[in-house]
Every structure is written in structure tokens, then in C-alpha cells.
Amino acid sequence: MTEPNQQTDSQRPNIILIMTDQQRYDTVAAWGHDHMITPNLDRLSAAGTSFGEAYCPGATCIASRAAMFTAMWPHTTGVYTFDRWAEHRNWVQDLADAGYWCANIGKMHFSPRDVAGGFHERVIVENPTSMNLLRGGADDDWGRWLGMHGVDRPLNRNHTDPDWIAKHQGIPWQHEEELHGDVFIGNAALTWITRHDGGHYKTEREGGRPVFLQVGFTGPHEPWDPLPRHLALYEDRELPRAVWREQELDEKPPQQARMKAFHAAATHESQIDLDGATAKEIAEMRRHYYAKITTVDEQIGRVLDALEAYGYLENSLVIFCSDHGEMLGDHNMAYKWLMYDSITHIPLIIWDNRTDRPTDRLATISDLTSLMDIGPTVLDAAGIDIPTYFEGRSLLPVLAGEEVEPHPYVFCEDNYQIMMRSTTHKLVYYIGQEAGELYTLEDDPHELFNHWDDPAYAEIKNKLQIDLLAWLAGSTYWNAGYKRTRARHTLMRWPMPDNVDLHGRASVENQFVKKW
């Protein structure tokens, strides 16, 4: 396996990646969402660059995270949902091979769960309602922490709480604050920051190693269990209503009504049934969700404060994002799995602390951006060559104020769905069936009216399908080299203006062809 080239600069940046789970894009107060209380994300937004049109590559946790950390689409890795992905090469391994000390605190969502995945240290936390221990496996570190304090992991409450369905996953945390999963992750991150290298951070010039620290909060993944004091902050706040219309799902692919029925009848604690729920009940559900984000935001602030106090931010690249969003009653449904913007549109903020932001114009970027761009950005910042198979592109030129041609589309794959979204249209192709989705986003931003079978939209539908075929075919072909060898760099023939040969060895120049 080819080793990554290491930057010779003796001051490579620390790279801090803070992730949440299942956080919608419209949940950062500084972005104009006044119903939210997020002082620490606001602070990060003020210092860095907000990518207001960022999208995830998978509509579920593992599909999105596997694509983000391998920098390859699900059709290359085969990871379309809750599948194994830890055997694939990921860019944390590239950082480690180049001399970075890599630590994971909280949720990474590797599968299998306990692999190193390039990290030298891990504090492993999975979904709050992980059943691993009950199924005969080992608990995660948060579950062990609860056990040490005589508290059972909250599980199967839909079988013991007669009011469970009426609560719609809104359950305030009922134990000591320090036992809450996201507080545990925050405390674990603070412990690492204050104790790494004996509590005396050293730059590379001082003989230390640059750090890659991933802090993965499990919130606001359900159950929506904020700290009670954060829930109280939302008591009298005016909250945005869920957006949907009567009989909407009758005009959508059958998977949507089926998914809604599946979760209504689930035996797992994730059971949720919004049919018949009143507007007041939906508002209460959303209040818990927003409050849980405030619980997480408080922990993000503690982590940022500690990083600053111990010198990690002086030469750093800080990235905040979520893996995917949450419907939260939109389309009269909850959770993820589908391709609506409430799921695929996510918050992304990048703060390059090595330089001042060139202009206020870069405070918010409105070009289409993908979590697939995170891997190339990280390796670029670390001075590591970007593997051939990476599908995204570095955002450092954007952060530096350079003119960069925007992505014409962003994509998302999950199960047998493929989403292709431009600034004006969204197409969702369902492999193996006639039904699909087509939305005109300029006049229907909430995706309430499906034009898939409307003859008036046949022309744009055909164009989008042709562009989708070109993207999928090109990406599948380009990464055949990785699938054969797992090498960081491979050569594939690609038609060039001065070379259309189908014979002989592929040229080195083709290695750097720009794709979508």
C-alpha cells in the first residue's frame, strides 16, 4: 500500500472534527433560526465559514459516515445502510500514517464497532438505545459508565411506559446530568484535552505531534432527552411548525407510507406514530428535539473552551457538521431514510484558525457542498496527497476566497434510492421500480408536490436522469482501481482531448481528471 506523502512543514495544523447525529440544517440560531438557542455554534459560525447548502451522502448514520470517512460513495464501498464498512481504507488512517495522533471521543459508528479505524485512542459511544449488551455483546463506554453508577441504559421503554406513544420520543433526562450520554462525551473530551501529553500540549517544533481529534456527540439522535434545564428554555418560544399536507404520501413512492407504518408498529424503543398526533403534541416533540441540540451545544462550548485554553486552537482547522438530518414531523413523518432536505441538508461550519477569513463575503457560502468534501479538505490541510479514489474536493480554496466552480449537483445514496439535487430541482431515483420523486425547489422548497409522473416535467426529468447516469457510470468506472487493489492511487483510462486510446497503459495525467 502506498504511504501518504507527509508535509515537511514543522507546523502542521491540529484538525478538530466535531460531529452531531441527526441534526437538521435549520437549527443554528446564527443562521437566522431564532427559535434555537445555540450560543456555541453561533460563536463557531462567527469565527469560521458557514456552508449553508451542505448535504450528506447517505440518509442514515452509517451510510453517510462511511461515505464521508472513506470519501467514496455507497456504490463504491457497498455500504448503503447499516452495513460493515471498517474494512475500507479511510482518511483517518492516512492522517495516522503521516504522523498525526488520532483520537476519537464519542460516536464514530464504525461497523464492526470496536475497530481502531486509524485512531490511536477511542472512547466509544454508540446510539443511546444500543442493544449490543442485551444481544450478548459488550456495552460501549457510556453504558459501562452508567453501570459503574448503578444506572441501567434506558432501553425498551415503549414496553414499560404506557404513555410512550403519546410522548413521540420526547423524554427529558431523569438522572444526574453527568450521566447523560452527550455530557459524558463532553467530559471525556475534556479529560483527553487536559491530559494528552501530560496536560502540556507541544507543537511539532517542540517535539510534539499534530492532533486529529474527532468528538462525536450522539445527540440530537432520538430519544429526544434534553437536560430539563435546557427544555425549560424552550417553554414559551415560538417554534416552527412541521410542514406537510393531507394525502401527501398518496402521491409519493410507496416506500414512504410503508416506512411510516413500520416505525408506528416497531417493537424497538424507536417506535413513533404521528398519525392522529395533534399540533400541540408535534410542537412538544419538536421542543424536546431543539432542546437536546442546546444540550449538545453546551458541551461543544466546553470542548472549544478547553481546546483554546490548552493551545490546540492556535494552529488548527476546526470542522463542525452532522451526519444527516431529521424530518421531525415534516411530511407527517419522523426520522431519516428518505431524501427530503430536512434529512439530507445538514449544518457545516469550517474555521481555519491559521489565517483570518479573507472577507465577510466568505462568512456564508451558498454553493452546493457535500460531506464528501471533508476528507479532501482535511488531507489538504495536513499536507497529505489526496488519493485518486476520493470523490470530493478540498474546500481550502473556497475558504481562501478563490473562485471555484460550484458543484452542479449533490448526491445522496441509501438503500436503493439515489438523490441528485441541483439548486433548482431534486430527483430521487428508486432502483428497480417505476415510481420516483421530482421536485421543483424554487416554487416548492418543502417538497410537497411530486412531479415524477407529470408530463409537463418530462423534459427536465429526462435531463436529470441522463446526468445521473453520467455521474453514476463515471464514478463507478473511476474507482474500479480501488476496488481491485485498495491502493491509494490507481490509473484508469479516461478520454482526453489528445488521448482517446482504448489500449495500453493509462496515462498518469488521467489520474487527476476532474469529475462532478
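Where is the place of His-331? In this predicted model, His-331 sits in the loop between β7 (316–322) and α11 (341–344). Its phi is near 60°, a positive value in a residue other than glycine. His-331 counts as buried because its relative accessibility is 4%, and the cut-off for that class is under 20%.

Tyr-335 is also found in the loop between β7 and α11. The phi of Tyr-335 is near 80°, again positive in a residue other than glycine. With a relative accessibility of 1%, Tyr-335 therefore counts as buried. The loop between β7 and α11 thus holds His-331 and Tyr-335, with phi near 60° for His-331 and near 80° for Tyr-335.

Two other loops contain a proline that follows a cis peptide bond. One such bond joins Ser-111 to Pro-112, with omega about 0°. Pro-112 belongs to the loop that runs between β4 (101–106) and β5 (121–124). The other bond joins Gly-219 to Pro-220, and here omega is about 5°. Pro-220 is placed in the loop between β6 (211–216) and α8 (228–233).

The interior can be read from its nonpolar cores. The largest of them has 65 residues. Those with the most contacts inside this core are Leu-17, Phe-51, Phe-69, Trp-91, Leu-95, Phe-212 and Leu-348. Helix α12, covering residues 374–382, gives the most to the core, contributing 5 residues. A second core, separate from this one, has 40 residues, including Leu-44, Val-215, Val-296 and Trp-351.

Phe-51 can serve as a starting point for tracing contacts. Leaving aside residues up to four places away in sequence, Phe-51 touches Trp-31, Leu-348, Ile-350, Ile-365, Thr-369, Leu-395, Val-398 and Leu-399. One of these partners, Leu-348, is itself listed with Phe-51 among the residues with the most contacts inside the largest core.

Helix α12 deserves a separate look. How many of its 9 residues are buried? The count is 8, and α12 is mostly covered. The buried residues of α12 are Ile-374, Gly-375, Pro-376, Thr-377, Val-378, Leu-379, Ala-381 and Ala-382. An α-helix has 3.6 residues a turn, so residues three or four places apart point the same way. After α12 comes Gly-383, with a positive phi near 75°.

How values were computed. Residues numbered from 1 in each chain as written. Predicted model: local features only at pLDDT ≥ 70, side-chain atom pairs only at ≥ 80, totals over all residues. Heavy atoms only, no water. Core = buried A, V, L, I, M, F, W, Y, C linked by side-chain atoms within 4.5 Å. Buried < 20%, exposed > 50% of the residue type's maximum accessible area, 1.4 Å probe, protein only. Helix = DSSP H or I, 4+ residues; strand = E, 2+ residues; numbered from the N terminus. Contact = heavy atoms within 4.5 Å.
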